[in-house]
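Dear colleague,

Please find the structure below, followed by notes on what was found in it.

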Amino acid sequence: MQFDTPATTNPIDNLKVVGQPIPRIDGQLKTTGRAMYAYEWHDPKVPYAYGYPVGAAIAKGRIKSMDVSAAKKAPGVLAVVTALEVGKLKKGKYNTANLFGGQEIQHYHQAIAVVVAETFEQARAAAALINVDYAEDKGSFDLKVAMETAVKPETGEPDSAVGDFDGAFKAAPVVLDQSYTTPDQSHSMMEPHASIAVWDGDKLTLWTSSQMIDWWRSDLATTLDIDKEKIHLMSPFIGGGFGGKLFLRADALLAAFGAKAAKRPVKVALPRPFVVNNTTHRPATIQRIRIGAERDGKITAIAHESWSGDLPGGGPETAVMQTRLLYGGENRMTAMRLATLDLPEGNAMRAPGEAPGLMALEIAIDEIAEKVGIDPIQFRIVNDTQVDPEKPERRFSHRDLVGCLKLGAARFGWTGRGRPGSKREGDWLIGTGVAAAFRNNLVLPSGARVRLDSEGVVTVETDMTDIGTGSYTIIAQTAAEMMGVTIDKVGVHLGDSRFPVSAGSGGQFGANSATSGVYAACVKLREGIAQKLGFNSEDVVFENGTVRFGNRSIALAEAAGPDGLVGEDTMKWGDLTKTHQQSTFGAHFVEVGVDAATGETRIRRMLAVCAAGRILNPVTARSQVIGAMTMGAGAALSEELAIDTRRGFFVNHDLAGYEVPVHADIPHQEVIFMDETDPMSSPMKAKGVGELGLCGVAAAIANAIYNATGVRVRHYPITLDKLIGGLPDIA
Ligand code: MOS
């Protein structure tokens, strides 16, 4: 099915199942430990062996030689496979760095060997016996230094300009020119990357933890140089990804090579430090923002420049993208510059671009509003736009930033907000802050197969993944709505490369794209049923487990017949994303207390108001948003990968040194979804929400801290050392 005209009324609009607050259908499996994650697949008849990775101890250079003799003789060792033996492998389409193979070292903890043994402990002990001789090259590890030689990236649209920014900025009566920094961040998902590889002749079965089954399968085929059809990939349950599992990773390759060498099924999980230094991270940014405004608050000039770094061949952190779309203003420019860094690969982490971009932009907006002398909510309302400010002929498909700000202000209790540093409760300085949320709504082609059996049970198969988001549940809801059955009559099977290729989980495109694919497959199945019964499919009604045409009504089980029926299709997308700008909007409100003596910040309450099209399931969507808000609290207050700039690696490579908050750190979180639909987005009229929930959160916290203390911190994370010197004297 091709979606190329705005959605009209369709069976989803019945909202008997879709839109209902249904608890996740895989919840019981998860809470009782029966959901099998990658490393847990276990068949008692299979003699699994265990692989332990060896990572490069330098950041840049070459392996001169490796001595594996002691490791090979160690107890229980079945095989040792080194990068030198494997030789340089072809690189997958989605990988920047070499994951394994060859002499060249591109970053610290790049995989250079896997040791396979009877037990995990034996493999780990033997891995420590490998001696490596390196030729080390000087690397570039410091963005502040490397930005001097940063270049315009070759791909994407690094620059944009409209009108005369310089002239308008000079002429503006109120101006802001500030720099902001965001640090390298780690996805820190709970489940580390893990794979089990089983070879049967030249056929490979791989249980793994992947957000994108088909991307992984294609890249694995390229890297192993085997036919894609020979690889069966499964990833039915995933303990978080946040972008860190979008692209094929070393655990899959090491398991595949280890299993081949040991002639045994092999399990490989990346130890936590490898998750940080072997896989990807969100790159640090240095951002400069200039805004010129009239005295009434209207922006006349806005510029956003961002510098970030990556390995050669990598790309920029696209931190300026939201600034092209979020506020009006006739004269504008954005630019991204890319420095070469020999740190581990920088890549997508939840809301890549917008998340760090809004960390800067939404402080800048708070600052310019204060300079103009108007309330920051009013400032954002004054500068709202219903058209793409760079291409005014393009309208937003649906945009309700103003509604989010107004409703949020009323619900949060925005009026009565004091001047910076003016509110005190005992030792605590109290402040509130606001920021806009913005994230583009992307769509990807998505396929599904839907079966109806002789019991009237509907079964969905798609290679879509559920990374903890609720995919199983919203897909079941979609199929139930389309086929007119209750949700307990629907089974959902995900994360298997034998199923139709879906959008996968990423970029907050998963929910809308994948349910649209299921919608398309259900339309096919409905047509098949109608045709079989000799009904005109246009006028057929599916409800209460029956298919009805005029006054004839037949149970679905009967309609299916003994052999059942199948519908399969892929949702493809026409030009509506080109003719209209599709984005999601929101507003974040935060109240903090800052200890007047120590500078310790405590978040007291948070509110998010989201305008993200139809909400397919308010329970799972809310969980996405409160999780994202918590992640934003980490970005604001604690998360930072500390770089050893001499050796070129992230030092705090575990969950003890890299601090992420949990829900218990925030006593009160509230989420409100605007009651809206976006017919331009899909037949579901839904959009993404999982990344929107993160966008702007950190800035709202920074702005609340400023309101509490009068200290403006522009360099994340806002740790107490950055506050303490500026706190008002305590009496
Ligand atoms: Mo998301 S960073 O595309 O998983």
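By class, five nonpolar, five polar and three charged residues line the largest cavity, where Ala, Val, Leu, Ile, Met, Phe, Trp, Tyr, Cys and Pro count as nonpolar, Asp, Glu, Lys and Arg as charged, and the others, Gly among them, as polar. This is a predicted model, in which local features need pLDDT of at least 70 and side-chain atom pairs count only at pLDDT 80 or more, while totals for chains, interfaces and linings use all residues. Residues are numbered from 1 along each chain as its sequence is written, and side-chain values use heavy atoms, with hydrogens and water left out.

The largest cavity (a set of points on a 1 Å grid over the protein atoms alone where a 1.4 Å probe fits but cannot get out, with lining residues having an atom within 4 Å of a point) has a volume of about 70 Å³. Of its 13 lining residues, the closest to the centre are Leu 89, Lys 90, Asn 98, Leu 99 and Phe 100.

Strand E3 (residues 61-67; strands are DSSP runs of at least two residues, helices of at least four) pairs in the antiparallel sense with strand E7 (residues 131-136) over six bridges, and Arg 62 stands opposite Ala 135 in E7. Two bridges, the minimum for pairing, join E3 to the antiparallel strand E5 (residues 104-105), where Ile 105 stands opposite Gly 61.

In helix H14 (residues 510-533), 18 of the 24 residues are buried, that is, under 20% relative accessible area with a 1.4 Å probe and protein chains only. Gly 534, whose phi is positive, near 75 degrees, follows H14.

Best regards

Technical notes
Buried means under 20% relative accessible area, exposed over 50%, partly exposed in between (1.4 Å probe, protein chains only). On a 1 Å grid over the protein atoms alone, a cavity is a set of points where a 1.4 Å probe fits but cannot get out, and a pocket is an open set with protein on both sides within 12 Å along at least five of seven lines; lining residues have an atom within 4 Å of a point. Grid points are joined across faces, edges and corners, and a volume is the space filled by probe spheres set on the points.
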